[in-house]
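Please take a moment with the sequence and the model shown here before reading on. The paragraphs after them go through a few places one at a time.

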Amino acid sequence: MRERSGRYESPRTCIVPPVTRSDWSDVRERLARLASAPGADEVFGSSSHRWELEPPLSAEELAEVETQLQVELPGEYRSFLLAAGRGGAGPTYGLFPLRRLDGRWRWEGDGADLTDLDGLTQPFPHVEAFNPADGLPEPPDEADYDSEEQFNAAEDAYWEQHDSIVFKPEHSIGLLYLCHLGCAMREALVVSGPARGQMWADDTASDGGYRPLCDDDGTPLGFARWYRRWLDAAETNARSSSDHGAGL
């Protein structure tokens, strides 16, 4: 990991997704069409974001954000913040909005607080899926205990140990959480580390661990492709719901 003046400098050995289109000039128009489409309300999560993006950041605001974080955000997400919006319409329940509260920039939303704002410069060390629950024993079986009290005590001890291992904050350093899918499942952008620029899923709530999000051909998704895949699918789903409602 190399840093210069508090900014992340990507090493030559970094595994970074291929550069994808970062021209966001079409996004607001497409969202406006979706907002008025007959089947748009049937798209999962749309009732939360209502197809609306918050205003973009100014260059000065983005500079202030990155100065506070002491890290430069990955390029595709930076361009989205400057050209499209600082949050709102996006995958599942929408992108966590970036807001300034009491002079400090932070992301808001269900799970946004999982981002360690003071630790985004620390490298997320993984390039392949990993699960901190691997190697843990199976939960206690009530049939193995002589009384309900003994079983309850064993179960409490097991889950205390489980949670202390699975939910260690160290597992998510370098991750910027951007949205939630419900049921405590969330997706994040790798800001620092060898997978910088990739989108990852945090499935620890279901003991699924962490995994890179990939395109249909197995290519790791960067922010731009991740967002546009959602937008394409939303248009398809809205159209399909409209056709179904019309009996076509």
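What follows turns to aromatic rings, then to a charged residue, and finally to a proline in a loop.

The model is a predicted one, and every value given here should be read with that in mind. A pair of aromatic rings is described by the distance of the centres and the angle of the planes. Counted in this way, the model holds 16 aromatic pairs. One of them joins Phe-124 and Phe-130, whose ring centres are 6.2 Å apart and whose planes meet at 50°, so that the pair counts as tilted, the class for angles that are neither under 30 degrees nor over 60. Both Phe-124 and Phe-130 are buried.

Phe-130 also takes part in another pair, this time with Tyr-210, where the centres are 4.8 Å apart and the angle between the planes is 5°. Because planes under 30 degrees apart count as stacked, the pair of Phe-130 and Tyr-210 is placed in that class. This pair links distant parts of the chain, since Phe-130 belongs to the loop between β4 (104-107) and α5 (148-166), while Tyr-210 belongs to strand β8 (residues 210-212), and the two residues are 80 residues apart. Phe-130 counts as buried because its relative accessibility is 15%, and Tyr-210 counts as buried because its relative accessibility is 4%.

Elsewhere in the sequence, one aromatic cluster is formed by Trp-24, Trp-51, Tyr-77, Phe-80, Phe-223, Trp-226, Tyr-227 and Trp-230.

Tyr-210 also leads to the charged residue, for Asp-202 has Tyr-210 among its contacts beyond the neighbours within four places in sequence, together with Tyr-177, Ala-184, Met-185, Arg-186 and Gly-209. Asp-202 lies in strand β7, which covers residues 199-202. Which side chain of opposite charge is nearest to Asp-202? That side chain belongs to Arg-186, at a distance of 6.1 Å, and Asp-202, although buried, has no salt bridge. The side chain of Asp-202 does, however, make a polar contact with the side chain of Tyr-177 at 2.6 Å, and it makes a polar contact with the side chain of Thr-204, also at 2.6 Å.

The last stop is Pro-137, which is found in the loop between β4 and α5, the loop in which Phe-130 is also placed. Is Pro-137 buried, partly exposed or exposed? Pro-137 counts as partly exposed because its relative accessibility is 45%. The C-alpha atom of Pro-137 is separated by 8.7 Å from that of Tyr-158, a residue 21 residues apart from Pro-137 along the chain.

Technical notes. Residues are numbered from 1 along each chain as its sequence is written. This is a predicted model: local features need pLDDT of at least 70, side-chain atom pairs count only at pLDDT 80 or more; totals for chains, interfaces and linings use all residues. Side-chain values use heavy atoms; hydrogens and water are left out. Rings of Phe, Tyr and Trp (its six-membered ring) pair if their centres lie within 6.5 Å; planes under 30 degrees apart count as stacked, over 60 as edge-to-face and the rest as tilted. Buried means under 20% relative accessible area, exposed over 50%, partly exposed in between (1.4 Å probe, protein chains only). Helices (H or I, at least four residues) and strands (E, at least two) are DSSP runs, numbered from the N terminus. Lys and Arg count as positive and Asp and Glu as negative; His and the chain ends are not counted. A salt bridge is a side-chain nitrogen of Lys or Arg within 4 Å of a carboxyl oxygen of Asp or Glu. A polar contact is a pair of N or O atoms within 3.5 Å; within protein, one must be able to donate a hydrogen and the other to accept it, and residues adjacent in sequence count only if both atoms are side-chain atoms. Contact means heavy atoms within 4.5 Å.
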